[in-house]
Amino acid sequence: MKITFILLTILLLTGIAPKLSAQQNDYPIQPAPFTSVHITDNFWAPRIRLNHQVTIPIAIQKCYETGRVDNFLFASGAKKGAFCTDYPFDDSDVFKILEGASYSLQMFPDDKLSKIIDTLIQYIAAAQEPDGYLYTNRTIDPQHLHPWVGKQRWEKDPELSHELYNLGHLYEAAVAHYQATGKRTLLDIAIKSANLVYSDFIGKKLTYYPGHQVIEMGLVKMYRATHDNRYLELAKYFLDIRKGGEEYNQAQKPVTEQDKIVGHAVRATYMYSGMADVAAIKGETAYTAALDKIWDDLIGTKYYITGGIGSSGSNEGFGEPYDLPNMSAYCETCASIGLVYWNYRMFLLTGDSKYYDILERTLYNALLSGVSLSGDHFFYPNVLESRGQHERSPWFGCACCPSNICRFMPSIPGYVYAHDKSNIYVNLYIQNTAEINFNGNNVKLEQTTNYPWDGHITLTVNPWETGTFGIALRIPGWAKGEAVPGDLYHFLPDENRPYVITVNGVAAKYMLIKGYAVIVKEWKAGDRIDVNFPMPVRKIAANQLVTADHDKIALQRGPLVYCLEWPDNRQGHVLDLVLNPEAGIAPSFNSQLLNGVETLSGKVQKAIQTAEGNQLSDECDFTAIPYYAWANRGTGEMQVWIASKTTAARPVPPPTIASRSKVSGSTKTSALSAVNDHDIPSNSNDHSLTYFHWWPKKDTTEWIQYDLGEKMKVSECSVYWFDDGPWGGCRVPDSWRILYKSGNKWIPVKTDENYAVTKDMLNTIKFKPVATTALRLEVRLQKEYSSGVYEWSVK
């Protein structure tokens with residue numbers, strides 16, 4: 001039996017670790033369609049239903065309220081009006097919502113939603129020009145275009161017109177709708193459009209590469225749906241003409257020569273996903289070689305422990321290696337979705353579980369954080385630390401994240417299983433029933449588990465016919481003592497508890513191959529696999545090159561990263577807590593908290609600011625919740641990385657005139673709380689701290705106001721300016737002054753000093769003492785630039 005097992009395993013090794021070759025016409029590993037997997041758990045199933053019942057209807061409503069639908073009606077002539085939304089890419093939100101609604105219909109038949117979809121498709125068809133061009137901003141009024149749009153079609157797409165970006169989402173929506181309903185209405189619109197794009201770019205040899213990538217993925221989906229090779233040719237063409245541009249959209253050099261992850265995070269992950277698609281079908285090994293190097297750079301130097309990517313708000317993307325600030329982390333929700341797409345495809349190419357380890361971490365943490373538990377509020381960035389200035393929004397002017405959530409959530413069942421010629425892969429542990437057409441044998445699988453709260457999984461295998469094949473169970477990196485692939489993060493020394501796998505109650509015989517436990521046997525109906533992954537609470541430390549996380553630890557249990565949030569901890573403060581790395585931490589399930597979560601609890605100390613430095617209080621209790629669940633109970637402090645030494649904690653500082661004041665401004669935003677939080681940056685472009693800015697305003701007079709609460713005598717103010725030059729949109733202001741309130745009037749303070757506008761330092765002005773109840777910092781912005789403020793202190 002042992003010899004038979006070994007021989008069978010050796011015969012199947014080429015199946016578990018496929019090699020890309022020019023003869024293959026798609027991914028060597030194929031996913032199980034999401035329609036064949038029915039999730040039945042208490043974690044994902046309610047969220048997928050909530051997406052159908054709440055998120056998608058809200059997104060459709062917002063598209064009507066904000067004019068996104070009207071733009072199609074204006075373009076068709078059904079209504080009269082001018083382009084009425086902020087951005088030319090707003091068409092894409094309608095397409096993404098249609099994609100998500102189409103996926104959702106396959107799980108939840110819904111006549112009302114189906115009629116809404118049909119109506120929107122009619123509007124889109126009517127807005128399409130006779131030759132197939134579809135772009136409402138140009139069609140509505142070609143003489144009065146958005147500033148981002150060129151006079152000629154496509155010419156400004158490498159910059160910001162987003163013509164091809166919109167179409168990429170149209171193509172994805174069209175294929176989803178066709179597969180879900182069998183109707184060709186949206187697919188025919190997409191075909192007409194894609195034929196025009198092929199004629200213009202391939203036929204006329206235009207060299208305008210897509211400024212925001214996604215059309216590459218959309219074209220590959222069109223190729224698969226229609227078998228029209230022109231669409232695959234066009235996808236490859238768009239990748240190969242990228243050169244001579246900017247790092248911002250990954251056009252600084254040919255894609256095959258790129259080896260570092262740079263620029264805008266969403267653009268990057270969409271492009272890498274498209275490269276993987278084309279590589280799988282065309283056998284482009286130069287693409288995969290570049291993808292390997294870029295992936296290593298990301299996971300080794302620019303990846304957050306929550307699975308988020310993109311540290312910088314100025315480019316909505318990547319900064320320098322190991323520059324991973326927490327409070328100003330960007331980690332856009334769309335980037336997390338893009339990272340799932342990319343790692344999913346890398347797995348399909350290689351069969352390596354490391355890609356699913358990244359996918360799972362991102363899915364359960366950074367991505368899931370992007371939508372509230374109620375399904376109707378969203379995060380655009382997903383920070384790892386907050387003083388209370390961050391809160392979810394019901395919508396955004398740039399609404400890419402909510403519409404992306406709409407389309408992603410219904411697709412989750414499709415990430416659970418995959419198969420090649422020899423093996424069925426179990427990639428995610430989610431309770432479900434599934435049917436997989438495996439080499440002509442209908443294999444039914446039933447997975448029973450309380451994952452992610454519990455690591456025990458039962459998989460019942462019911463093939464229609466008894467047969468010999470492999471079941472490949474992913475062994476998560478966290479279950480093997482690995483925080484992430486590489487050395488960016490590591491678990492602190494702890495007891496490693498071995499996982500256990502049995503088949504029909506007997507210890508399983510398996511081979512570990514690329515992170516999968518491959519069980520090869522003759523499977524018959526009723527065979528049962530039991531897997532037990534112990535879930536101890538693990539403490540995580542970052543590579544010493546990540547200065548933002550020095551002397552700090554993060555907590556993880558199973559796939560979930562945890563955070564401390566204000567409602568659960570003493571006095572509503574968490575940034576001042578210090579956790580001993582040796583402290584015991586206990587998990588406990590609370591069914592009444594945040595729709596039911598496993599919390600972590602233990603003892604911490606508070607750092608207290610004294611004249612002699614930070615001192616530690618007596619021990620007190622702390623509670624940690626899963627990171628994805630924060631910001632569902634109002635605004636307040638939160639942190640993922642917890643100080644392990646007093647020097648890394650942020651004690652509550654003594655109150656000052658500024659910190660006691662109520663802050664308001666000419667621009668209303670919660671970011672105003674940054675200006676009186678006591679934090680002084682290391683320079684005017686320090687992204688480890690939060691700041692307030694007026695971008696995109698410029699050449700205007702703006703103000704910030706302190707209401708002091710009572711009449712006080714003041715005589716000095718200091719301001720630390722935010723300036724993200726040379727690539728950002730903010731500079732120190734043209735000028736500024738301080739005014740005080742006298743009755744109902746604002747009067748400039750009297751001073752003999754000059755108002756300095758110097759970056760990288762506090763700009764202090766002393767003036768004749770005034771007694772007042774309110775102060776204003778009035779700022780005149782430069783003609784071509786906006787400005788911002790880190791801190792405004794008062795004496």
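Which residues lie nearest the centre of the second largest pocket? Let's work through this and a few other exercises together, keeping in mind that the model is predicted.

**Exercise 1. Explore the second largest pocket: find its central residues, its volume and the elements that line it.**

Step 1. Begin at the centre. Pro31, Tyr103, Gln179, Lys221 and Tyr344 lie nearest to it, and they belong to a lining of 29 residues.

Step 2. Now look at the space itself, which comes to about 890 Å³.

Step 3. Next, find the elements that give two or more residues to this lining: β1 (30-31), α4, α7 (163-181), α9 (215-226), α13 (333-350) and α15 (400-408). Of these, α7 gives the most, with five residues.

Step 4. Finally, sort the lining by class. There are 15 nonpolar residues, eight charged ones and six polar ones.

**Exercise 2. Describe the salt bridge between aspartate 90 and arginine 68, and say whether its two residues are buried or exposed.**

Step 1. Here is the idea to start from: side chains of opposite charge can pair when their charged atoms come close.

Step 2. Check the distance. The side chains of arginine 68 and aspartate 90 meet with N and O 3.2 Å apart.

Step 3. Place the partners along the chain. Arginine 68 sits in helix α3 (68-76), while aspartate 90 is in the loop between α3 and α4 (91-107); 22 residues separate the two, and the pair links distant parts of the chain.

Step 4. Both arginine 68 and aspartate 90 turn out to be buried.

**Exercise 3. Decide whether aspartate 527, a salt-bridge partner of lysine 521, is buried or exposed.**

Step 1. Look at the pair: the closest N and O atoms of lysine 521 and aspartate 527 are 3.0 Å apart.

Step 2. Buried means under 20% relative accessible area. Aspartate 527 has 2% relative accessibility, so it counts as buried.

**Exercise 4. Locate the salt bridge between glutamate 778 and arginine 737, and classify each partner by its accessibility.**

Step 1. In this salt bridge, N and O are 2.7 Å apart.

Step 2. The pair links distant parts of the chain, 41 residues apart: arginine 737 is in strand β28 (residues 735-742) and glutamate 778 in strand β30 (residues 762-780).

Step 3. Partly exposed residues fall between 20% and 50%. Glutamate 778, at 23% relative accessibility, is therefore partly exposed. Arginine 737, with a relative accessible area of 33%, is partly exposed too.

**Exercise 5. Which residues are joined into one network by salt bridges that share partners?**

Step 1. The network joins Glu385, Arg387, Arg650, Asp677 and Asp679.

Step 2. For the wider picture, the count of salt bridges comes to 39.

Technical notes. Residues are numbered from 1 along each chain as its sequence is written. This is a predicted model: local features need pLDDT of at least 70, side-chain atom pairs count only at pLDDT 80 or more; totals for chains, interfaces and linings use all residues. Side-chain values use heavy atoms; hydrogens and water are left out. A salt bridge is a side-chain nitrogen of Lys or Arg within 4 Å of a carboxyl oxygen of Asp or Glu. Helices (H or I, at least four residues) and strands (E, at least two) are DSSP runs, numbered from the N terminus. Buried means under 20% relative accessible area, exposed over 50%, partly exposed in between (1.4 Å probe, protein chains only). On a 1 Å grid over the protein atoms alone, a cavity is a set of points where a 1.4 Å probe fits but cannot get out, and a pocket is an open set with protein on both sides within 12 Å along at least five of seven lines; lining residues have an atom within 4 Å of a point. Grid points are joined across faces, edges and corners, and a volume is the space filled by probe spheres set on the points. Ala, Val, Leu, Ile, Met, Phe, Trp, Tyr, Cys and Pro count as nonpolar, Asp, Glu, Lys and Arg as charged, and the others, Gly among them, as polar.
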